[in-house]
Amino acid sequence: MSGPIATIVERLCAWKDVTRATENGKDSFYVRGQIFAYLGKKGVVVRLAPPQVIEALKIQGAKRQPDDGDPHSREFVEIPVNGPREVERAMMWLRRACRLGRTAAGPV
């Protein structure tokens, strides 16, 4: 792995309480046992609160993940990362997703 996605992965792995694991063939990131992001085909897929989903979908190229019968998958939006310039935008959304994951996990 190299380029902008590698930069994002390196930063995520340095965050407190964040763990990385492969689930269903996807490189996934957890905070306190709650998944908050995984690597998608064209960027990072983040789990967001409904108002944030609406905001994230305004990004050109962003897309909601198919629900596959799982009602929680509608909370996941892929944020495209095509080059180094988009790393900081992705990190902003990842911070939001991680914060939501910490809140959802409750106190530890």
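This report walks through the fold, the sheet, the core and a few single residues of one protein chain.

**Overall picture**

Keep in mind that this is a predicted model. The chain has three helices and six strands, and along the sequence they come in the pattern α-β-β-β-β-α-β-β-α. There are 108 residues in the protein chain, and buried ones make up 40% of them. If you look at contacts with a separation of 6 or more, 53% of them are between residues 24 or more positions apart. The accessible surface adds up to about 6,400 Å², and carbon and sulfur atoms account for 51% of that.

**The sheet**

The six strands form an open sheet in the order β1-β2-β3-β4-β6-β5, and the pairing is antiparallel. At the edges sit β1 (18-23) and β5 (63-64), each of which pairs on one side only. As a reminder, strands of a sheet pair through backbone hydrogen bonds, either parallel or antiparallel.

Two hairpins are worth tracing by eye. The β2 and β3 strands pair in the antiparallel sense over four bridges, and one residue pair to look for is Val-31 with its bridge partner Gln-34 in β3. Two residues separate β2 from β3 in this hairpin, and in the turn Arg-32 has a positive phi of about 50 degrees. Next along the chain, a hairpin of three residues joins β3 to β4. Those two strands are antiparallel too, with three bridges between them, and here Tyr-38 stands opposite Val-45 in β4.

**Helix α1 and its two sides**

Helix α1 covers residues 4-14, and its buried residues are Pro-4, Ile-5, Ile-8, Val-9 and Leu-12. Viewed down the axis of α1, these buried residues fall within an arc of 140 degrees, so they line one face of the helix. The general rule behind such a pattern is that an α-helix has 3.6 residues a turn, so residues three or four places apart point the same way. On the other side of α1 you'll find Glu-10 and Ala-14, both exposed.

Take Val-9 as an example from this helix. Val-9 counts as buried because its relative accessibility is 5%, below the 20% cut-off. Its C-alpha atom is 9.4 Å from that of Asp-27, a residue 18 positions away along the chain.

**The core**

What does the inside look like? The largest nonpolar core has 27 residues, and Ile-8, Phe-36, Val-44, Val-46, Leu-48, Ile-79 and Leu-94 have the most contacts inside it. At least two core residues come from each of α1, β2 (26-31), β3 (34-39), β4 (43-47), α2 (50-56), β6 (76-80) and α3 (87-105). The biggest giver is α3, with seven residues. In soluble globular proteins, nonpolar side chains tend to be buried together.

Ile-79 is a good place to start clicking around. Setting aside neighbours within four places in sequence, Ile-79 is in contact with Lys-42, Gly-43, Val-44, Val-46, Ala-56, Ile-59, Arg-89, Ala-90 and Trp-93.

**Cysteines and loop residues**

How many disulfides turn up in the whole structure? The search finds zero. As for individual cysteines, Cys-13 is partly exposed, whereas Cys-98 is buried.

Two loop residues have a positive phi although neither is a glycine. Asp-17, with a phi of about 70 degrees, is in the loop between α1 and β1. Asn-24, with a phi of about 55 degrees, is in the loop between β1 and β2. Is Asn-24 buried or exposed? Asn-24 is exposed, because its relative accessibility is 72% and the cut-off for exposed is over 50%. Asp-17, in turn, is partly exposed.

Here are the accessibility values for the single residues discussed above.

| Residue | Relative accessible area | Class |
|---|---|---|
| Val-9 | 5% | buried |
| Cys-13 | 39% | partly exposed |
| Asp-17 | 32% | partly exposed |
| Asn-24 | 72% | exposed |
| Cys-98 | 1% | buried |

How values were computed. Residues numbered from 1 in each chain as written. Predicted model: local features only at pLDDT ≥ 70, side-chain atom pairs only at ≥ 80, totals over all residues. Heavy atoms only, no water. Buried < 20%, exposed > 50% of the residue type's maximum accessible area, 1.4 Å probe, protein only. Contact = heavy atoms within 4.5 Å. Areas by Shrake-Rupley, 256 points an atom, 1.4 Å probe, with all protein chains shown as cover. Arc of directions from axis to C-beta. Disulfide = S-S within 2.5 Å. Core = buried A, V, L, I, M, F, W, Y, C linked by side-chain atoms within 4.5 Å. Pairing = 2+ DSSP bridges.
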